[in-house]
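Trainee: Mind if I quiz you on the labels people put on a model like this one? I'd like to hear the reasoning behind each of them.

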Amino acid sequence: MAIDPAAGKILGMLMAYAVSSLGLLLAYYNYRKRILKAERTFSSVAVAVIVGVITIAVIGTVLTAAVASSDADGLWPAITSNIVGLALPAFIVLVSVLLTWVLFRHFSRRISGTKRSG
Amino acid sequence: MDQAPAISVVFTPLDWVWVVLLITAMIACGVIFYRLGKRSESDFFLAGRGLPWWLPATSVYATHTATDTPMWICGTIYKWGMRGIWFPFFTAWTAISAFVSTRIFRRSLAMSQAEWQNLRYSGLGAELLRGWLAGWQTFMNMFVLAWVSAAMGKICTYLFGWPNWIGVVAFTSICAVYVLVAGYWGVIMADFQQGVISFLVITLVSVWGISVAGGPSGIVSRLGEIGEGWRLNPFHFDGFWGLDPNLFYTADFITLLIMSTLGGIGMGNFIDWYPEAQRIQSARTVRDASYSIWAGGFVTLIRNSVWAVAILAFFVMYPALESEAQYEMGWFRLGFEHLPAGMIGIFFAGIIAIHLSTISTHLNLGALYATRDLYHHYINPEASEAKLVKVGRINTLLLLLGSFLLGLTMQSITSWLIFALWLQAAGIWIPSLLQVIWWRFNSWAYLSSWIANLVMSWLVVWVLPALGILPELPNWLNFWLLAALVSLVYLPVCFLTKADDREHLVRYYVQARPLGFWGPIRSEAEKRGLLTTQGGVS
């Protein structure tokens, strides 16, 4: 199978990110398990920064995809030409994330009260 | 097997972004509860029996909204018009069950329906029944996984032209991530999120399709113009009764109505009972269990109605489809052919939500029977909680692998396994009622009804018609004929064998408080001072 050199570079970069992220995750998990409780690992400011960066990355990806999916020239025309395809799915994604957060908050007392089994 | 023709669906980058975002949200929603799932066997399979009613209620709805459900409902409504709504109406059994069998089962504290056999019956018969049901349920959950995954494979082939195995394996594996990690905690939380997503998407796509077809008034007038106005009448039957399997008789309607009402009194009358049993036991109180089963069934019936109207819209747009493989994809076509860019992605994400919510339940439920009833009860009764959670995870993985093998061969075996699901229920339908309401109905009678039903259903539905000894019968007659033939086995068995141990029955009665014909057991319990004459526990 012939792969375009540009696609190969992107694929290589993605693989590097994936493997590095896996290492990062393992390191974090090990640190939390052996040294600190998860709740103390990040301050509330750090959590806000992480959530903010992820939110901006998601919005950026959605807008880039909206431009790539539209025949319109430019960001704003791309948004206005397909407002339904952006607004309704965004609403559903937002509802999903909010539901997850509400459920987690609702049951978080039980989670924090969980005794570690090893 | 007749294949649906592939359609050309254009997925833009925006559509894929929505799909990836929602899949990520769904997996995250299950995985974040892993610390609760690993605490004990009860947590891994019943979320510690502490859930408020709205969580299992949403799970009942989400579980029974599978990838093949819109195909099935589309097929019946397109073929039969609004009278086809009576086929999925059997869900109404939950309305009765919420006040009868749900309460009795929740009070028993059995983790599974197989375990309940040990509480209701005594001696060797009870043990044999528990083993039988545990084995049967482990296999049936694997089969349902395969069946639903095969439907997903069909949809992916239909949309993208992918090889069948990708659709069968890929999305089910995604689901396995949070089921393996968090067990029933992951299942129930993700079901809540997926149930909301799927209900929003189903409503959105159906309303869109109805509006494209000219709105409700446009659909009604168009049906009148093409001489198909009868399709709007759910009571348009082809006579009171008859023998033509291709007609819809009043006798079919009455049979379906009896099944959907009286069925709620019994336990195990429908294959749906088994996932419901798990949700009943996961609710924190008897009242929560009742509310959850009632509400879950109610939302499912609302969903059926929304779909039915959307399929009528599809019919007026494409009235001349003759192949079932073509018209059963009607609801998917409404979405994929008429939604704008971006919405296509969210529609596909909704289909994935529908798929995951069913798969997750059956992965966990099959593992429950394999772990609780086969491993814990028969192989290692002294196993620690950590060991049981580990075995639960291994069984989940085995079910997943088994379902892949079965799902990839599903094309050729679907017809006889669907037969196994539905018609084999006919013979055990009345015994499943009797075991709840009649103290004298014993384990040997119930076991014999299961075994006799296997033989009878093969004979009546397949073997005798194939040999020309019996004609192919309509559904309603098959049902009642099987019910009558199997009763010729279990009724004599019941009266020729001893009743269950009186001591055991009294203990069960005091704990579960069943309704019906329990007079002698109730008197015995009162005589021993275990119950007051007003019915309270002393």
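Trainee: Which residues of helix 3 of chain A are buried?

Mentor: A:Val62, A:Ala65 and A:Ala66. Keep in mind that we're looking at a predicted model.

Trainee: How do you know that the length of helix 3 of chain A agrees with what a helix should span?

Mentor: Helix 3 of chain A covers residues 44–68, which is 25 residues. The expected span is 1.5 Å times one less than the number of residues. That gives 36 Å, and the end C-alpha atoms are 36 Å apart, so the two agree.

Trainee: What makes up the rest of chain A, in terms of helices and strands?

Mentor: Chain A has five helices and zero strands, so to speak an α-α-α-α-α string from the N terminus on. Of its 118 residues, 19% are buried. Its accessible surface is about 8,800 Å², with 71% of that belonging to carbon and sulfur atoms.

Trainee: Why is A:Leu26 called exposed?

Mentor: The label needs over 50% relative accessible area. A:Leu26 has 56%, so exposed is the word. You'll find A:Leu26 in helix 1 (residues 5–34) of chain A. Its C-alpha is 32 Å from that of A:Ala90, and the two are 64 residues apart in sequence.

Trainee: Over to chain B. Is B:Gly218 buried or exposed, and how do you know?

Mentor: Buried means under 20% relative accessible area. B:Gly218 comes in at 19%, so it counts as buried. B:Gly218 belongs to helix 11 (residues 215–225) of chain B. Its C-alpha is 9.0 Å from that of B:Ala313, which is 95 residues away along the chain.

Trainee: And B:Glu115, what makes that one buried or exposed?

Mentor: Same kind of check: the cut-off for buried is under 20%, and B:Glu115 has a relative accessible area of 10%, so it is buried. B:Glu115 sits in helix 8 (residues 113–120) of chain B. Beyond its neighbours within four places in sequence, B:Glu115 is in contact with B:Ala110, B:Arg130, B:Arg372 and B:Asp373.

Trainee: Why is helix 5 of chain B called mostly covered?

Mentor: Ten of its twelve residues are buried. Among them are B:Met71, B:Ile73, B:Cys74, B:Tyr78 and B:Trp80. The buried residues pack against helix 9 (123–160), helix 14 (286–317), helix 15 (324–327) and helix 16 (330–338) of chain B.

Trainee: How do you know that the span of helix 5 of chain B agrees too?

Mentor: Its twelve residues, 69–80, should span 16 Å at 1.5 Å a residue, and the end C-alpha atoms are 16 Å apart, so that agrees. Right after helix 5 of chain B comes B:Gly81, with a positive phi near 75 degrees.

Trainee: What about helix 13 of chain B, how many of its residues are buried?

Mentor: Ten of ten, across residues 273–282. The list includes B:Trp273, B:Glu276, B:Arg279 and B:Gln281.

Trainee: What makes the phi of B:Leu109 worth a comment?

Mentor: Most residues other than glycine have a negative phi. B:Leu109 is not a glycine, yet its phi is positive, about 65 degrees. B:Leu109 is in the loop between helix 7 (101–108) and helix 8 of chain B. Partly exposed runs between 20% and 50%, so 43% puts B:Leu109 in that class.

Trainee: Where is B:Arg513, and what is its phi?

Mentor: B:Arg513 is in the loop between helix 23 (502–512) and helix 24 (519–527) of chain B. Its phi is near 50 degrees, a positive value in a residue other than glycine. With 23% relative accessible area, B:Arg513 is partly exposed.

Trainee: Which residues touch the most other members of the largest nonpolar core?

Mentor: B:Met189, B:Trp331, B:Phe332, B:Phe336, B:Phe347, B:Phe348 and B:Phe441, out of 179 residues. Helix 10 (residues 164–212) of chain B gives this core its largest share, 19 residues.

Trainee: Last one: how do you know that B:Leu467 is exposed?

Mentor: The bar is over 50%, and B:Leu467 has 58%, so it counts as exposed. B:Leu467 lies in the loop between helix 21 (443–466) and helix 22 (475–496) of chain B. It belongs to a nonpolar surface patch with B:Val455, B:Trp458, B:Leu459, B:Trp462, B:Val463 and B:Ile469, with about 630 Å² of accessible area together.

Methods:
Residues are numbered from 1 along each chain as its sequence is written. Chains are lettered from A and ligands numbered from 1 in the order in which they are written. This is a predicted model: local features need pLDDT of at least 70, side-chain atom pairs count only at pLDDT 80 or more; totals for chains, interfaces and linings use all residues. Side-chain values use heavy atoms; hydrogens and water are left out. Patches are made of residues with over 30% relative accessible area and no salt bridge: like charges are joined within 9 Å, nonpolar side chains (Val, Leu, Ile, Met, Phe, Trp, Tyr) within 5 Å. Accessible areas come from the Shrake-Rupley method with a 1.4 Å probe; for residues, only the protein chains shown count as cover. A salt bridge is a side-chain nitrogen of Lys or Arg within 4 Å of a carboxyl oxygen of Asp or Glu. Helices (H or I, at least four residues) and strands (E, at least two) are DSSP runs, numbered from the N terminus. Buried means under 20% relative accessible area, exposed over 50%, partly exposed in between (1.4 Å probe, protein chains only). A nonpolar core is a set of buried Ala, Val, Leu, Ile, Met, Phe, Trp, Tyr and Cys residues joined through side-chain atoms within 4.5 Å. Contact means heavy atoms within 4.5 Å.
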